[in-house]
Amino acid sequence: MRQPHRAAIHRGRSDVLLEDTIQVQAGGRARGYPIKVRTGIRRSLPKMIASHTKAHRYAVISDQRVGSLYGEDVVKGLTGEGKDAVLLTFPPGEASKNREEWASLTDTMLRAGFGRDSAVVAVGGGVVGDLAGFVAATFMRGIPLVQVPTSLVAMIDSSVGGKTGVDVPEGKNLVGAFHPPRLVVVDPEVSVTLPREERAQGLAEAVKHGAILDPVYLADLDGDIPCVMNGDVAATSRAVVRSIEIKADVVSKDERESGLRKVLNFGHTIGHAVESAAGYDPPHGTCVALGMILEARLGEALGVTRAGTATALERLVERLELPNRLPVGMDPEKVLAFTRRDKKGREGKPHYVLLSMAGQVASKEDWAREVPDEAVLSVLKDAVG
């Protein structure tokens, strides 16, 4: 795969006050949307939201924890701009990303008289973005959405690309819709207030972006990971901007995952299966990090991936202080069973994105390939904690 152009990234602490605007041209120029990144940009949110949506009413959706930290301020800001806005919250955590919470939020909006001239503002992490986005995608057959990610996972990955949805007992994100936002507003300053372990979750997705498309970025992360883990704003901004650039470039070329966008699923077939088998605990980034290591080992075992690639990724994951083994007591057969439910599979068989080396995906038809169950099971068994 041709490596994408590596745009200049601000390097000095003073530079992080500058604004990066990254354009996603999903679905053609008429449907493109900007992603604005700047430290402190959250203070300009009300005017920005109003200028990009022109809605009559705003449903600001957040979880109960983030709602009190940031959601209430967004509502006050919109109200100060003369807009009608209300805050809707739900319990934090992946367990809330379900059809019941989607129905509750939707019913609340209907009872409150929201109409087709309304908009949803998602303020929070990946769970909030996925759930609120699905509400926006389905309410009145679709109303405008603004994404305001507050976790590093959401900033680096999940707020970009227009995927929305909920989890079901059969697996993760199996019910959902593509619903691109009108605007994504990212304030890296917010992420440095997160606990250290939550920063690691986002950096797992950053490692994925480097592993599939940019070996230079992957090498940069090797040096920047300790800084981001320690809450450095400049290093965090560099990672956020470069990851968004990579994902935005892919999504602009393939919005609905018909080909190239599948490369973004590296580590996710096994990662999602582990997440589902564990009842969504440990969290997403931890499972993706493990999934990348195991899928790299799988590629090496099949002769597709250059030897040593898995070890290199494992070293980065260790720097994130994340595990490289399956959770203690987890049955590899159960994980394998969940891989068969993966939404990226075809004809009931899971497909895997494999690397040729660190920084490059092994090209194969539509970028993913069927792998024998016995090969996957062998890798899983070797990873038993």
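1. A good place to start is the salt bridge between Glu-189 and Arg-43, whose closest N and O atoms are 3.5 Å apart. Please keep in mind throughout that this is a predicted model. The pair connects distant parts of the chain, 146 residues apart: Glu-189 sits in helix α6 (residues 188-191), while Arg-43 belongs to the loop between β2 (33-37) and α1 (45-53). Glu-189 is partly exposed, at 28% relative accessible area, and Arg-43 is exposed, at 59%.

2. Which helix holds both Glu-245 and Arg-242? Both are found in α9, 3 residues apart, or about one turn of the helix. Their side chains form a salt bridge with an N to O distance of 2.9 Å. In contrast to the exposed Arg-43, Glu-245 and Arg-242 are both buried.

3. Next comes Glu-370, which forms a salt bridge with Lys-349, with 3.7 Å between the closest N and O atoms. Glu-370 is in strand β13 (residues 369-370) and Lys-349 is in the loop between α13 and β10 (351-352), so this salt bridge ties together parts 21 residues apart in sequence. Both ends count as partly exposed: Glu-370 has a relative accessibility of 46%, and Lys-349 has 38%. Elsewhere, salt bridges with shared partners join Glu-94, Lys-97, Asp-130, Asp-167, Lys-172 and Glu-275 into one network. The total for the structure is 24 salt bridges.

4. Now to the nonpolar interior. As background, nonpolar side chains in soluble globular proteins tend to be buried together. Here the largest nonpolar core contains 77 residues, and those with the most contacts inside it are Ile-35, Tyr-58, Val-121, Leu-203, Val-207 and Leu-320. Helix α9 (residues 233-253) contributes the most to this core, with 9 residues. Apart from it lies another core, of 22 residues, including Leu-290, Phe-338, Ala-375 and Leu-377.

5. Tyr-58 deserves a look in your viewer. Leaving aside neighbours within four places in sequence, Tyr-58 is in contact with Ile-49, Ala-50, Thr-53, Leu-78, Lys-83, Asp-84, Ala-85, Val-86, Phe-114, Ala-119 and Val-121. The list includes charged partners, Lys-83 and Asp-84 among them.

6. Helix α7 (residues 196-213) has 18 residues and spans 26 Å from its first C-alpha to its last, close to the 26 Å expected at 1.5 Å a residue. The helix is mostly covered, with 15 of its 18 residues buried.

7. Back in helix α9, Thr-236 is worth a glance. Is Thr-236 buried or exposed? Its relative accessibility is 1%, so Thr-236 counts as buried. Not counting residues up to four places away in sequence, Thr-236 touches Leu-152, Pro-188, Ser-191, Val-192 and Val-228.

8. Asn-324 lies in the loop between α12 (309-319) and α13 (332-339). Despite that loop position, Asn-324 is buried, because its relative accessible area of 16% falls under the 20% cut-off. Its side chain makes a polar contact with the side chain of Glu-314, at 2.5 Å. Beyond four places in sequence, Asn-324 is in contact with Leu-290, Ile-293, Arg-297, Glu-314 and Glu-318. Leu-290 is also among the residues of the 22-residue core.

9. Finally, the cysteines. How many disulfides does the structure hold? The count is 0. Cys-227 is partly exposed, with a relative accessible area of 31%, whereas Cys-287 is buried, at 1%.

How values were computed. Residues numbered from 1 in each chain as written. Predicted model: local features only at pLDDT ≥ 70, side-chain atom pairs only at ≥ 80, totals over all residues. Heavy atoms only, no water. Helix = DSSP H or I, 4+ residues; strand = E, 2+ residues; numbered from the N terminus. Expected span 1.5 Å × (residues − 1). Buried < 20%, exposed > 50% of the residue type's maximum accessible area, 1.4 Å probe, protein only. Disulfide = S-S within 2.5 Å. Core = buried A, V, L, I, M, F, W, Y, C linked by side-chain atoms within 4.5 Å. Contact = heavy atoms within 4.5 Å. Polar contact = N/O pair within 3.5 Å; in protein donor to acceptor, adjacent residues only side chain to side chain. Salt bridge = Lys/Arg side-chain N within 4 Å of Asp/Glu carboxyl O.
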